[in-house]
Protein chains: 2
Amino acid sequence: MTLAVAGPLSALPTVEQRHRDHRCYPDGVAFMDGQYLPMSEAKISVLDWGFLHSDATYDTVHVWDGRFFRLDLHLNRFFRGMERLRMTLPYSRAEIEIILANCVSLSRHKSAYVEMICTRGVSPTFSRDPREAENRFVAFAVPFGSVASKEQLERGLHIVVSDTVRIPPQSVDPSVKNYHWLDLVKGLFDAYDNGAETALVVDISGNIAEGPGFNVFTVKEGQLRTPAQGVLLGITRQTVLDLCDELFLSAAVGDIAPNELKAADEVFITSTAGGIMPVTRIDDVEVGDGKVGALTRRLMELYWKKHADPTWSTPVTYA
Amino acid sequence: MTLAVAGPLSALPTVEQRHRDHRCYPDGVAFMDGQYLPMSEAKISVLDWGFLHSDATYDTVHVWDGRFFRLDLHLNRFFRGMERLRMTLPYSRAEIEIILANCVSLSRHKSAYVEMICTRGVSPTFSRDPREAENRFVAFAVPFGSVASKEQLERGLHIVVSDTVRIPPQSVDPSVKNYHWLDLVKGLFDAYDNGAETALVVDISGNIAEGPGFNVFTVKEGQLRTPAQGVLLGITRQTVLDLCDELFLSAAVGDIAPNELKAADEVFITSTAGGIMPVTRIDDVEVGDGKVGALTRRLMELYWKKHADPTWSTPVTYA
């Protein structure tokens, strides 16, 4: 039996009143409890159910060249997620829009990654009943980031198919955007162990599901395909389907087996963090001719072009 | 398209330097970054992967009547979890023991709930690569809490079997104690919707798995049984198995179908938060004669008696 010593009386440390945090935080502005704050202040208690039970939903929208991209779709999903988790906030949708715009404006970032979060919070009486918790809202704007680096966007990502199974819909509703990522983090380590840059995990039937923060598409003989079930219904995924409509391309949602993925002519992933990103190697197999595909390039170009289109984007007013 | 207004220039709010937190926190002491702090200061950044990806492991040990109960087993599990998640801390096991004891001693709680947490942290360069993150340690001691109230311990808990499926081992290793709880929170709401107090969720095959923070046992004709797979290997669960050895009771680990659960003579749940807690109603069915069973009572008594036994517990030195 190990001895849990508190040390002699004289050695008992002092309780200090303020945490001194020596970490670096990105340049950005957060909103909590009615205050706009630097990112270093955007913290939640370790007792918040959002941390203690990952009992939270969120959404991330990006700002590109001073304009929110498809903000409405992100807000729709955020409010739907809160409803499904039975959470409520004291802010209306219009108020949240203003808060997000203020975070961006105050941060002065012209390209930003903007996150809105609702956690279960804590009960004022420390009750274990989640119905008694005071739900909590946090929003922030930090510099835009991408899943793929500039080099990776040029030559295509190298990924692995991990045998880790994405948390199934019978356990956690994937249409509620959530922070349950240990499966995806396991996938990332599988990728690193195999000399790749990121991973796709599979669904419970062994078909391709999604990756850490992204959906996936295949192109085969001009036809696009993306998994239908058990995945986050990504806004960038939806945007690709919308772009396909506009370009009269055929796109289907349905199962993709790992061997179909590897036999595709082109493969790309989609995420708010980076948009449409080409994949040119899967496990040890080159995708197509190993170069970024023509259709992928065409979709990437149109995707970025849409960021200036007022029907797809909304300007932020900067100070 | 909704208009994301930042408002006129004069309306742009000010960025304040300090978050003002009006929430209540329990009386307790936390440890972070070498400092002992009040619970109100125990906060992590929303950018920490421990929050953003629930990329963390933890353990909770309790102190009863001034003594840690089975601290060694909790530390074993905590260190095993960190190893599986490929996390490391700048503290040795002996140092963590001292930190935990100091938190308890400084809090002055004779009965405490003591948590140790390791999160992935964040990369100093904000890289998306978890290997570059600086892992983070937080510990705290707050007043002891229980899944069951005093009244519920006397008359037995009323639970439901939810059809929510516990996140399967193919997705997240359940032997790594983790905060992936949205399935268990869903189970809780299923319980409340059905007039019950808590819930059991099932495994992917439909057998009984576990509940929010607890394992489950059945007693049938003097034989104990608890689910084998896809559940947290609880220390209190292990303690019950150890007590059964001591009492020459037969205990098996194996599948329990929902109908077997309901046909049991006695049912109880186990958790560090409350110990051994009787269940007397499942859905609309009384367990046995609807009263707390004799064997459950016998195990509860022995469980609490062991808290004074130096082979099972370690004293905390209070100032």
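Which strand of chain B does strand E1 of chain B pair with, and in which sense? Let's start there, with a hairpin you can find quickly on the screen. Strand E1, residues 29-32 of chain B, pairs with strand E2, residues 35-38 of chain B, in the antiparallel sense. Four would be a fair guess if you counted the bridges, and the pairing does run over 4 bridges. If you want one pair to look at, take B:Ala30, which stands opposite B:Leu37 in E2(B). The hairpin has 2 residues between its strands, and B:Asp33 takes a positive phi near 50 degrees there. Please keep in mind through all of this that we are looking at a predicted model.

Now let's step back and see how the two chains meet. On the chain B side, 104 residues are in contact with 103 residues of chain A. Together the chains bury about 9400 Å² between them, and carbon and sulfur atoms give 64% of that area.

What about charges and polar groups? There are 6 salt bridges between chain B and chain A. A nice one to click on joins B:Arg23 to A:Asp33, where the closest N and O atoms are 2.9 Å apart. As for polar contacts, 33 residue pairs make them across this interface, counting pairs with both residues at pLDDT 80 or more. If we sort the residues on the side of chain B that touches chain A, we get 57 nonpolar, 24 polar and 23 charged.

Strands also meet across the two chains. Strand E3 of chain A, residues 43-45, pairs with strand E3 of chain B, residues 43-45. The sense is antiparallel, over 3 bridges. Within that pairing, A:Lys43 stands opposite B:Ser45 in E3(B).

Next, let's stay inside chain A. How is chain A divided into domains? Domain 1 covers 9-143, and domain 2 covers 150-307. Taken over C-alpha atoms, their centres are 28 Å apart. The contact takes 22 residues from domain 1 of chain A and 21 residues from domain 2 of chain A. These two domains bury about 2000 Å² between them, with 60% of it on carbon and sulfur atoms. Which three residues supply more than any other three of the area that domain 1 buries against domain 2 in chain A? They are A:Tyr58, A:Phe69 and A:Arg77, and they supply 34% of it.

The domains of chain A share charged and polar links too. The count is 2 salt bridges between domain 1 and domain 2 of chain A. A:Asp173 and A:Arg84 meet through their side chains in a salt bridge, at 3.2 Å from N to O. There are also 10 residue pairs in polar contact between domain 1 and domain 2 of chain A, again with both residues at pLDDT 80 or more.

Where on domain 1 of chain A does the side touching domain 2 come from? Strand E4 (56-64), strand E5 (67-69), helix H2 (71-84) and strand E6 (112-122) of chain A each supply at least two residues. E4(A) gives the most, with 8 residues. That side of domain 1 of chain A divides into 9 nonpolar, 7 polar and 6 charged residues.

Thanks for listening, everyone!

Technical notes. Residues are numbered from 1 along each chain as its sequence is written. Chains are lettered from A and ligands numbered from 1 in the order in which they are written. This is a predicted model: local features need pLDDT of at least 70, side-chain atom pairs count only at pLDDT 80 or more; totals for chains, interfaces and linings use all residues. Side-chain values use heavy atoms; hydrogens and water are left out. Contact means heavy atoms within 4.5 Å. Buried area is the accessible area (1.4 Å probe) that two parts lose on being put together, summed over both. A salt bridge is a side-chain nitrogen of Lys or Arg within 4 Å of a carboxyl oxygen of Asp or Glu. A polar contact is a pair of N or O atoms within 3.5 Å; within protein, one must be able to donate a hydrogen and the other to accept it, and residues adjacent in sequence count only if both atoms are side-chain atoms. Ala, Val, Leu, Ile, Met, Phe, Trp, Tyr, Cys and Pro count as nonpolar, Asp, Glu, Lys and Arg as charged, and the others, Gly among them, as polar. Two strands pair if DSSP finds at least two bridges between them. Domain bounds come from an automatic or database domain assignment.
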